[in-house]
Amino acid sequence: MVGLHKSEFKNPVVRWIDQRLPIPSLLQKEYAQFPTPKNFNYFWNFGALAMVNLVIMIVTGVFLAMHYTPHTAHAFDSVERIMRDVNYGWLIRYIHMNGASMFFIVVYIHIFRGLYYGSYKAPRELLWMLGVVILLLLMATAFMGYVLPWGQMSFWGATVITNLFSAIPIVGPDIVVWLWGGFSVDNPTLNRFFSLHYLLPFVIVGVVFLHIVALHVTGSNNPLGIEPKGPQDTIPFHPYYTIKDTFGLCIYLIVFAFFVFFAPNYMGHPDNYIPANPLVTPAHIVPEWYFLPFYAILRAVPDKLGGVLLMFGSILILFVLPWLDTSPVRSMRFRPLARPFFWMFAISCVVLGYCGAMPAEGIWVTISRVGTAYYFMYFLVILPLLGKLERPLKLPESISAPVLRGGGPVPAAAAAKPMEKA
Amino acid sequence: MRQLLALALAAAVALSAHASLHAAGGAPRPPAQDWSFGGLFGTFDRASAQRGFQVYKQVCAACHAMKQLSYRNLADIGLSDAEIRAIAAEVMVQDGPNDDGEMFERPGRPSDRFRSPFPNEKAARAANNGAYPVDLSLIIKARPYGADYLYALLTGYREEPPPGVPVMEGMHYNDWFPGHWIAMARPLYDDQVTYADGTPATTEQMARDVTTFLAWASEPELEERRAMGVRVILFLLVLAGMTYAVKRKVWADLKH
């Protein structure tokens, strides 16, 4: 029949739908048969985990919004009402609150996975850049969400971060007034943050969709960083990776549940259980842990504008990373010279995070400066130079070769018909 | 699995680093106490929490509000309906307007919030030498080291500051308050309240009881949360085990 999609589904209902709206065919192609490198390690679980986390955040967030009041006089009390009087309100709120931290744990591991195995290199540059867009949106969403309970850290964090824009020459102060909707962080600020905090997650959903579309064009990278040479190197996504992701999901949920049920405030700051007070500044204003490395970079620079530029630059630089790293070899497994520099980069991020939690004085400023210098050196000097200087190890012939240890031929049964077993 | 173990190790390192972050916050770390609600599976000692409520009512409530709590919540720490009604009825609350448009006073009901000692922050400051007695509803969650800190604070007053420390007029020296000079005078003295159950009302005992009460007030969901957590995590462990078995079976035909 002209105009109808050719469906291979046997079930008459599915078939009827598939002929008119071929979503079942699409899912079959992109999620069931989708050829995936056979050699993923567990670091390849984190994309799926981030996806699940996003759904958890949206679902809990929608329910929280039913009970939350975005007004400076009521926000703090409405959150406490959720905690005390709404049925299982404490559960919903603690999932959402810890979910933000879990999201960053998952996303940071996902990003470092990409950095280590060179997932950003051609042809996956756009896939990587969409990921950086997601990271930026995630940070904006998390920041605005943290303001909503209107505790001391909410208020002062919002004040510090929005004030950063005043460093922009000429128009800076006007931009800050525009962001605030007034002359200080106040009710209009809280209202717009609530509105945007509800909006941005759906923008993230959109960019995640593009991220996945781009992924399904190029296919996934893998720990060896070489492209599959043929069907012997890949396995269908289902059931191999659906079950592997499900197992990873269980482990992730156990960690998540531990925080929610046994240490719900561990990753938070006690000051945010004090209602916001514009007249009392906390002794140390610190952002949530996931912003600490960037906060350290901000404070490492004596000049305010310079600090702001470096802080935003530390993320924006990721956009051009595919062109900064000149090495044709993706995986650090075959880059003996680059590997220690990578681990030093990882350590510098952790050290910067620690410095961000410390007062900006004495030795901590010095360490922050060293960490900041290395952070940018890694991208701007080390990676561009290493590509020229380094002699990478010999890459394996194919994914199957090292997987099979001897590099022998693939047993026909292995890759061909995984679903047809007992 | 190797990667998962490596991740778990990294997480353990990161989490232990977190503990030292708070320690570096400035104030001295109060000694850890053995709390009924401590650890992963603790529950609130009901008798202690009830005595603590008595201390709050007879001592703290003169200055400190607890506006997030209602009298009905006291059922959680084992007070009977009749007791709660009696406690609520002891205070007069403003209600209205009535049909004539007038505000009026009536005895409290279980559904009323704990009555605040002052109508607003300005009045509280005016009556307390300019200092604001903070709301205690969330005090245990709102201070680093929570219960340990509060117990240390309540038992950490000194008659005289250590030698060499200049006296601050109108302030009181405390070993555990950040900056040491606190506006609140020592609130607890031995035998300040008389416990109905005969427990000797030492300063330490009252501090322990009121801290238990305030810990419950900060996290009234704690027991339900932990009980649910045990079931959720046990379920997930079983599910993870079964999922791993299925994963092994599915992958078994891939020789590698």
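A salt bridge is a side-chain nitrogen of Lys or Arg within 4 Å of a carboxyl oxygen of Asp or Glu. In this predicted model, the side chains of R72(B) and D85(A) meet that criterion, with an N to O distance of 3.3 Å. The pair spans the two chains: R72 belongs to chain B and D85 to chain A. In total, 2 salt bridges are found across the interface of chain A and chain B.

The interface itself draws on 52 residues from chain A and 54 residues from chain B. About 4800 Å² is buried between chain A and chain B. Carbon and sulfur atoms give 71% of that area. Polar contacts were also counted between the chains. There are 10 residue pairs in polar contact, both partners being at pLDDT 80 or more. On the side of chain A that touches chain B, at least two residues each come from α4, α5, α10 (237–262) and α14 (338–357). Helix α10(A) makes the largest contribution to this side, with 17 residues.

A nonpolar patch lies on the surface of chain A. Its members are V13(A), W16(A), I17(A), L21(A), I23(A), L27(A) and Y31(A). Together they present about 690 Å² of accessible area. Two helices of chain A, α1 (12–20) and α2 (23–32), are the elements that give two or more residues to the patch. One of the patch residues, I17(A), sits in helix α1 of chain A. The relative accessibility of I17(A) is 38%, so this residue counts as partly exposed. Patch residues need over 30% relative accessible area, and I17(A), at 38%, is above that cut-off.

N187(A) gives a contrasting case. This residue is found in helix α9 of chain A, which covers residues 187–218. Its relative accessible area is 19%. N187(A) is therefore classed as buried, since the class requires a value under 20%. Beyond its neighbours within four places in sequence, N187(A) is in contact with P70(A), H71(A) and T72(A).

Two cis peptide bonds were examined, one in each chain. In chain A, the bond from A122(A) to P123(A) is cis, with omega near 10°. P123(A) is placed in the loop between α5 (89–116) and α6 (125–147) of chain A. In chain B, a cis bond joins G96(B) and P97(B), and omega is about 5°. Here P97(B) belongs to the loop between β1 (92–95) and β2 (104–107) of chain B.

Positive phi values were also examined. Y88(A) is not a glycine, yet its phi is positive, at about 55°. Y88(A) lies in the loop between α4 (75–84) and α5 of chain A. With a relative accessible area of 45%, Y88(A) is partly exposed. In chain B, N129(B) likewise has a positive phi, near 60°, and is a residue other than glycine. N129(B) occupies the loop between α4 (121–127) and α5 (146–154) of chain B. The relative accessibility of N129(B) is 71%, so N129(B) counts as exposed. The class begins over 50%.

How values were computed
Residues are numbered from 1 along each chain as its sequence is written. Chains are lettered from A and ligands numbered from 1 in the order in which they are written. This is a predicted model: local features need pLDDT of at least 70, side-chain atom pairs count only at pLDDT 80 or more; totals for chains, interfaces and linings use all residues. Side-chain values use heavy atoms; hydrogens and water are left out. Patches are made of residues with over 30% relative accessible area and no salt bridge: like charges are joined within 9 Å, nonpolar side chains (Val, Leu, Ile, Met, Phe, Trp, Tyr) within 5 Å. Accessible areas come from the Shrake-Rupley method with a 1.4 Å probe; for residues, only the protein chains shown count as cover. Helices (H or I, at least four residues) and strands (E, at least two) are DSSP runs, numbered from the N terminus. Buried means under 20% relative accessible area, exposed over 50%, partly exposed in between (1.4 Å probe, protein chains only). Contact means heavy atoms within 4.5 Å. Buried area is the accessible area (1.4 Å probe) that two parts lose on being put together, summed over both. A polar contact is a pair of N or O atoms within 3.5 Å; within protein, one must be able to donate a hydrogen and the other to accept it, and residues adjacent in sequence count only if both atoms are side-chain atoms.
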